[in-house]
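Welcome, and thanks for taking a look at this one with me. Please have the structure open while you read, and turn it as you go.

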Amino acid sequence: MRVVVLCGGESSERDVSRSSGWAVAKALTERGHEVMLIDPAAPEPILAKQVSADDPAVPVPSAPPSPSERAALRERMYAALTGGRVLEELRRAERVFLALHGGWGEDGHVQALLELAGVPFTGAGHDVCAVAWHKGRCQAVLEAAGIPVPPRVLYNASEQPEPPVAVKDLLARGPVVVKPVADGSSVAVRKVDSLEALRTDGEVLVEPFLSGREFTVAVIGATTLPVVEIELTTAVFDYEAKYQPGAVREVCPADIPDHFAEQLQELALRAHRALGFGTTYSRADFRCDASGTPYCLEVNALPGLTPGSLVPVAAKGAGIGYAELVERLLAASGGGSPTPC
């Protein structure tokens with residue numbers, strides 16, 4: 001199959017995405033596909049016309065790009081995806097493998113463009129991605145489907161300098177977690193215990209800090225992979241903890257009773273279906289309170305695919321090698337058709 005792997009992009013997860021893209025492209029090459037690797041936000045977008053299995057892995061830097069860097073990346077990405085050589089290559093592809101994470105790559109923008117161009121791609125359609133990407137909307141859908149989510153408050157500091165009473169009530173009960181309502185890789189996630197520390201810009205989600213264990217479950221179509229436990233050395237699973245060696249330990253299968261593992265897998269599958277992922281793939285993240293009750297924090301539409309990312313770790317726990325996993329994700333794509341939410 002002629003496959004174009006899209007990676008990089010303009011989001012705070014750009015460098016993670018480039019690492020995912022190289023790994024995916026190498027795996028598809030090993031499986032016999034004709035693979036072109038493209039970073040639409042790079043000065044020279046076509047990174048490789050044909051990926052070699054011998055190419056070295058791309059490391060993930062310790063910090064995401066700055067806001068000013070992201071603005072320049074966005075301009076280049078828009079130009080690349082709306083005309084010229086990149087768009088021509090996308091239209092020639094039999095399948096576009098989306099190794100983009102965050103920003104336009106995960107919030108539905110790129111999916112909508114590919115749908116308009118009639119280009120088949122991996123992962124869910126633009127409408128599903130748009131809902132899953134916004135943590136507030138995502139949790140509202142999950143809650144309506146009976147899936148436990150933490151109590152939460154959406155707070156836009158740009159429009160309301162003084163935190164609302166609901167935020168103050170959460171803080172009165174204990175520490176809270178503050179996270180951007182639309183960002184990935186746990187960028188800018190903070191644990192705070194006072195109004196002074198809460199000061200922030202833009203729209204954020206504020207929810208109680210859950211002091212229990214943290215788990216994640218990947219779903220491919222109707223199949224759940226083994227539960228992964230994320231053992232932290234930090235208070236929250238932030239960007240630095242995710243991508244720097246030694247900051248976190250990922251255990252798969254998680255050392256938990258079978259009935260609890262089955263509960264988490266069932267919740268992940270219900271979340272997958274409630275959001276409309278259908279035959280594509282997703283990854284649901286859970287955190288437990290002090291009593292051990294799990295709550296779904298979010299569902300990822302295009303989770304990381306570096307060899308050490310959580311979905312490959314879960315696949316390995318099921319006896320599925322990295323190249324086979326990538327092949328399965330290629331086959332489990334939405335085909336470029338919008339998926340009802």
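Here are a few numbered notes to help you find your way around.

1. A word on the source before anything else: this is a predicted model. Please read every point below with that in mind.

2. Let's begin with the whole chain. The protein chain contains 13 helices and 14 strands. Of its 341 residues, 57% are buried. The exposed surface of the protein chain comes to about 13800 Å², and carbon and sulfur atoms supply 51% of that area.

3. Contacts can also be sorted by separation along the sequence. If you take the contacts in the protein chain between residues at least 6 apart in sequence, 69% of them join residues at least 24 apart.

4. Next, find the open sheet of four strands, whose order is E3-E2-E1-E4 and whose pairing is mixed. Which strands sit at the edges? They are E3 (46-48) and E4 (95-98), each of which pairs on one side only. On average, neighbouring strands of this sheet are turned by 30° against each other, direction ignored.

5. Within that sheet, look at E2 (residues 34-38) and E3, which run antiparallel and are joined by two bridges. Ile38 has Ile46 in E3 as its bridge partner.

6. Now bring in helix H1. H1 lies across E1 (2-6), E2, E3 and E4, and runs at about 170° to E2. An angle over 145° counts as roughly antiparallel, so H1 and E2 are roughly antiparallel.

7. H1 (residues 14-30) also packs against H13 (residues 322-331), at an angle of about 95° and with the axes 9 Å apart. The two helices, H1 and H13, are therefore roughly perpendicular to each other. On the H1 side, the residues in contact are Ser20, Ala23, Val24, Ala27, Leu28 and Glu30, and they meet Tyr322, Ala323, Val326 and Leu330 in H13. By class, this contact of H1 with H13 has eight nonpolar residues, one polar and one charged.

8. A second helix pair is worth a visit. How do H6 and H7 cross? The axes of H6 (residues 126-133) and H7 (residues 135-144) come within 5 Å and cross at roughly 100°, so H6 and H7 are also roughly perpendicular to each other. Here Ala130, Val131, Ala132 and Trp133 from H6 meet Lys135, Arg137, Cys138 and Val141 from H7. This contact of H6 with H7 has six nonpolar residues, two charged and no polar ones.

Technical notes:
Residues numbered from 1 in each chain as written. Predicted model: local features only at pLDDT ≥ 70, side-chain atom pairs only at ≥ 80, totals over all residues. Heavy atoms only, no water. Axes fitted to C-alpha atoms, helices over the stretch in contact; angles between N-to-C directions. Parallel < 35°, antiparallel > 145°, perpendicular 65-115°, else oblique. Contact = heavy atoms within 4.5 Å. Nonpolar A, V, L, I, M, F, W, Y, C, P; charged D, E, K, R; others polar. Buried < 20%, exposed > 50% of the residue type's maximum accessible area, 1.4 Å probe, protein only. Areas by Shrake-Rupley, 256 points an atom, 1.4 Å probe, with all protein chains shown as cover. Pairing = 2+ DSSP bridges.
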